[in-house]
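Reader: Hello! I am new to this structure and would love a close look at one part of it. Could you walk me through it step by step?

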Amino acid sequence: MTVSELNEDTQTQICDLLKYLQQIEKLKNKDIRILLDMIVRKYGGKVINK
């Protein structure tokens with residue numbers, strides 16, 4: 001498995017998990033952005049609003 005395939009698989013899993021959490025927990029977009037920001041900051045990234 002290449003790095004890009006791993007990244008695609010991980011991105012898909014994160015997306016599916018967030019969709020699931022949004023459905024069962026009634027998460028709002030702001031809550032999802034906060035969760036994603038917590039994850040990406042560990043790797044030097046930052047979630048931006050579009």
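Reader: Which residues line the largest pocket?

Author: Happy to help! Please keep in mind that this is a predicted model. The lining of the largest pocket is made up of T10, I14, L36, I39, V40, K42 and Y43. Two elements each give two or more residues to that lining: helix 1, spanning 3-25, and helix 2, spanning 29-41. Of the elements, helix 2 gives the most, with three residues. Sorted by class, the lining holds five nonpolar residues, one polar residue and one charged residue. As for the space inside, the largest pocket has about 160 Å³.

Let us pause at one of the lining residues, V40. You will find V40 in helix 2. Is V40 buried or exposed? The answer lies in between: its relative accessible area is 29%, and because buried means under 20% and exposed means over 50%, V40 counts as partly exposed. If you set aside the neighbours within four places in sequence, V40 is in contact with G45, K46 and V47.

Now follow the chain to the loop between helix 1 and helix 2, where K26 has its place. K26 is worth a look for its backbone: its phi is positive, at about 55°, although K26 is not a glycine. With a relative accessible area of 64%, K26 is over the 50% cut-off, so K26 counts as exposed. V40, by contrast, is partly exposed at 29%.

Conventions. Residues are numbered from 1 along each chain as its sequence is written. This is a predicted model: local features need pLDDT of at least 70, side-chain atom pairs count only at pLDDT 80 or more; totals for chains, interfaces and linings use all residues. Side-chain values use heavy atoms; hydrogens and water are left out. On a 1 Å grid over the protein atoms alone, a cavity is a set of points where a 1.4 Å probe fits but cannot get out, and a pocket is an open set with protein on both sides within 12 Å along at least five of seven lines; lining residues have an atom within 4 Å of a point. Grid points are joined across faces, edges and corners, and a volume is the space filled by probe spheres set on the points. Helices (H or I, at least four residues) and strands (E, at least two) are DSSP runs, numbered from the N terminus. Ala, Val, Leu, Ile, Met, Phe, Trp, Tyr, Cys and Pro count as nonpolar, Asp, Glu, Lys and Arg as charged, and the others, Gly among them, as polar. Buried means under 20% relative accessible area, exposed over 50%, partly exposed in between (1.4 Å probe, protein chains only). Contact means heavy atoms within 4.5 Å.
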